[in-house]
Amino acid sequence: MNKESIHSVNISIPKIDGTGLVLGRPAYTEDLAPQDALVVRLLRSPHAHARILSIDTSAALQVEGMACILTWKDVKRIAYTRAGQGHPEPSPHDKFILDEYVRYVGDEVAIVAGRDLACVNRALSLIKVEYEVLPAVLDFEQAVDNPAVVHPESDIHEMFPIGFEPKRNIAAAYSMEVGNAAQVLEDCDVVVEGTWYTQAQNHVAMEAHTAFTYLDLHGRLNVVSSTQNPFHTRRLLGQALAMPLRNIRVQKPRIGGGFGTKQTIHVEPYAALVTLATGKPAKITLTRKEVFEATFTRHQMRLKVRLGAAKDGRLRAIDMQVLSNTGAYGEHALTVFMVGGSKTLPLYNKVEAVAYGGQVVYTNQVSAGAFRGYGAVQGNFALESAMDELAHRLGMSPIELRRRNMIGEGQTSEVFRIMGEGSEGVEMTIESCKLEYCIQRGKELIRWDQEPLVRQVAPGRIRAKGMAIAMQGSGIPLIDMGSANLELQDDGFFKLHIGATDLGTGSDTILAQIAAEELGVPVEDIVVYASDTDHTPYDVGAYASSTTYVSGNAVLQAAQRMKQALREAVAETYKLRAESVQFRDGQFYDEQGKVITSLKQFSFDTLYHNGASMKTIATTGSFSGEKSPPPYMAGFVEIELDTETGKIDVIEYVAVVDCGTTINPNLARIQVEGGLLQGIGMALCEDVQYSEGGHLLTNSLLHYKVPGREDVGRLTVEFAESYEPSGPFGAKSVAEIGIDTPPAAIANALRNATGVRVYELPLTPPRVLKALRAAGK
Amino acid sequence: MMITCTINNEKKQLEIQAGEMLAEVLRRYGYTEVKTGCDTGSCGLCTVLVDSKPVLSCSYLAHRAEGRSISTVKGKEKEAVEFAAFLTAEGADQCGFCSPGFTLTVLAMREELKNPSDEDIRHYLAGNLCRCTGYEGQMRAIRKFLEAHHE
């Protein structure tokens, strides 16, 4: 590609919806709900596991303004999954919209709809439910073959073999091995092993999950929702409500953050049922407490890692055995688990043997689901912590150990072929990987060689550095697909209709940039409309770091086809050969370089002036990746530890990222900065605690600490010069990679500071202090 | 009960329920630019200016607004447009859900603090959470916005 021709990509234009949102224009689901929509709320279980013996709604129904109350007896019993994934879903169909059994504190018991919030809240307090409380599974390490069974019912199923054994509290299981890991480990000069634990982090998207529903003129169910994937939502709703998909339309307006939690239908079926039952518009918005107690978390995991190496630092074997807690329902159970290996193990592709396996178990706790990082952050914490332990044992610099063993351009890993998401993966040779540069540059930026790794800066205050490297992916190859429609409009602008779903990341903007770049027109001439199942082409939605790469390639293809279609149309009009017509800078040229016509003139001609040959010029692009080129990153941190309190402060976090071409460098940078802070939150403060009875105690922003702007020092983000040949204009995706390294890098810095390794997240002051005291520090 | 107050420079009479918070009332009356995010006064999304001071409208009893002047981001549109240019130039608007409340706090800070340091800025804005940006982009935008105003 000619570099001079680039004028719309690799440029930091503002987000096309930015100013309107800052000014508070009505743009989000709740802003757009009809004023007369019924208010819907859910009665939720106070018990971790119980059978509903009776529900008395008679007093509640007397409340003035009540429209309807639905219980499990009113709803068709259809096992489905709420997970917005490809089809068939790799998640078990183990959820009912309402059920006779409740499986965690927060599970849905009844749907209550009325005129306003006050009457609905009054009615909620008047519903009398009699429960038979059942024994609950509240420790995921005790789940397998526990006498208490979370899902004893027989009418639930897997869509294809995922190791589903609900009678044993196993939602999914998996194991793979290349070579013989045990044997190689036995033969290694140095073996390190450890067991790491990660917590059930909450997404805390600032906008709570929300939806409103209504029946349109044709009696079709319209759903407007804060969803990350409108097309999956339509499919899942059709399944759960036993409705043909032609009768459902799903739209996503602007959305206040997702991070994975809105990849799932947490609210849509409840509003829909009220609309179907009453014929009236209905809206539902969760409270923050409900978001914590009754949406999704990151999968809590236990990761046992064994690494074996030769004395010279050659990594020879990795064995990772994982137990993952999916909570009450199995959404994303298998796939998150697999990413724990598939997006960490290939980092070290030269090993003689690698093994990965384990189980995903049901408990009577908040369900886990998709969350930025999607297993890779858990796997990274364990693997990259173990790598540092290995470096200590070998007496080697952690940087040199990684350099010696990490993946590079032109290389592959068996793991790519073996592990996909729920099924086999795809073979892939890495065409862009600037990890070496990322490490070198990150090392400079954090002053790794210029300052001692550990230094006392005041009595009881130690500064120390640590690092980790990471990889992620760019979409799910051969499973996830995105499409785009381009259509020429009079006055020479283009409509770009995309099924892709901008969560606030700016993907509508970067997709417009890609179209503008290929067409050679200003970005303003690309008018984007997105995320509406009636009016935009299919796209899987925003997850798995797919939009830039998958949807971006679809847009690129649509634009390439548009260029060709325009040349053909002009050729037809002017009786020329299509090959002789050139299109650039909004003009059509003949072989002599003479202007034939302008895009603007031709756009009027084709719609108004060309008589019998008038036509709409429209093209479609669709893309499904044959591979998932990983973005890479090196993360370096400097922490300051207070040895009296165990408190860790991040002084600086340096991220040097290879995501190929940055279509919009500012937006890419913010993706990384935001990911880093969520990773730092997971590492340090986002603690999850349950009561003995299984009630989530950390269920508000008072009790669950997300990082504020005073909590973290400097975040420094740079990008490597990199070009991914299979990506649009050389781009890979960048949404998740930033979150992966902080837990390991910070734990490694703590280890460097004190000699003490803390194996469990988050590294809160009490936990750190306890570990220091136990080690006699 | 009825209260009388000024909202975005317009005199308004509002019907409120006892115990109702200002955020609920404002949204009910169509001021949807006022967002809510936490129910516990922890996130800053619902920030409005009451007599030019930022308050959390989710935990500010509506009846206290009697006789006062309330401004949502729409009431500060000129200044908000100016700030939005800096925020969006950094890509730090992101999902935008926290932006109206955050923007009002930034505008109040500009009035209240003379030549604030980075530390002062972070402290003043500590109550405005953002889950998208990591705050750095917001800081870059604020610094440039304050510098531009200074010149």
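**Sheet, helices and chain contact in a predicted model**

In this predicted model, Ile55(A) stands opposite Val129(A), a residue of strand β6(A). That pair offers a handy way into the small sheet around it. Strand β2 of chain A, residues 50-56, is joined to β6(A) by six bridges, and the two run antiparallel. Strands of a sheet pair through backbone hydrogen bonds, either parallel or antiparallel. Here the sheet is open and has three strands, in the order β4-β2-β6 of chain A, with antiparallel pairing. Its edges are β4 (101-102) and β6 (128-133) of chain A, each of which pairs on one side only.

Helix α6 of chain A, next in this tour, covers residues 230-241. Its 12 residues reach 16 Å from the first C-alpha to the last, close to the 16 Å expected at 1.5 Å a residue. α6(A) is mostly covered, with 10 of its 12 residues buried. The buried set opens with an unbroken run of names, Pro230(A), Phe231(A), His232(A), Thr233(A), Arg234(A), Arg235(A), Leu236(A) and Leu237(A), and is completed by Ala240(A) and Leu241(A). Both Arg234(A) and Arg235(A) are thus among the buried residues of this helix. The cover over them and their buried neighbours in α6(A) includes strands β10 (221-225) and β11 (248-251) and helix α7 (268-278), which belong to chain A. Just after α6(A), Ala242(A) adopts a positive phi of about 55°.

Helix α13 of chain A, residues 435-445, buries Leu435(A), Cys438(A), Ile439(A), Gly442(A) and Lys443(A). Viewed down the axis of α13(A), these buried residues fall within an arc of 125°, so they line one face of the helix. The spacing fits a general rule: an α-helix has 3.6 residues a turn, so residues three or four places apart point the same way. Among the elements that cover the buried residues of α13(A) are helix α11 (398-405) and strands β17 (461-471), β25 (632-642) and β26 (647-658) of chain A. A positive phi also turns up here: Arg447(A), just after α13(A), takes a value of about 60°.

Finally, there is the contact between the chains, to which chain A and chain B bring 43 residues each. On the side of chain A that touches chain B, helices α1 (18-22), α8 (288-294) and α17 (665-684) of chain A each supply at least two residues. α17(A) gives the most, with seven residues. By residue type, this side of chain A divides into 19 nonpolar, 15 polar and nine charged residues.

Note on methods. Residues numbered from 1 in each chain as written. Chains lettered and ligands numbered in written order. Predicted model: local features only at pLDDT ≥ 70, side-chain atom pairs only at ≥ 80, totals over all residues. Buried ≥ 20, exposed ≤ 12 C-beta atoms within 10 Å, placed from the backbone. Helix = DSSP H or I, 4+ residues; strand = E, 2+ residues; numbered from the N terminus. Arc of directions from axis to C-beta. Contact = placed C-beta atoms within 7 Å. Pairing = 2+ DSSP bridges. Nonpolar A, V, L, I, M, F, W, Y, C, P; charged D, E, K, R; others polar. Expected span 1.5 Å × (residues − 1).
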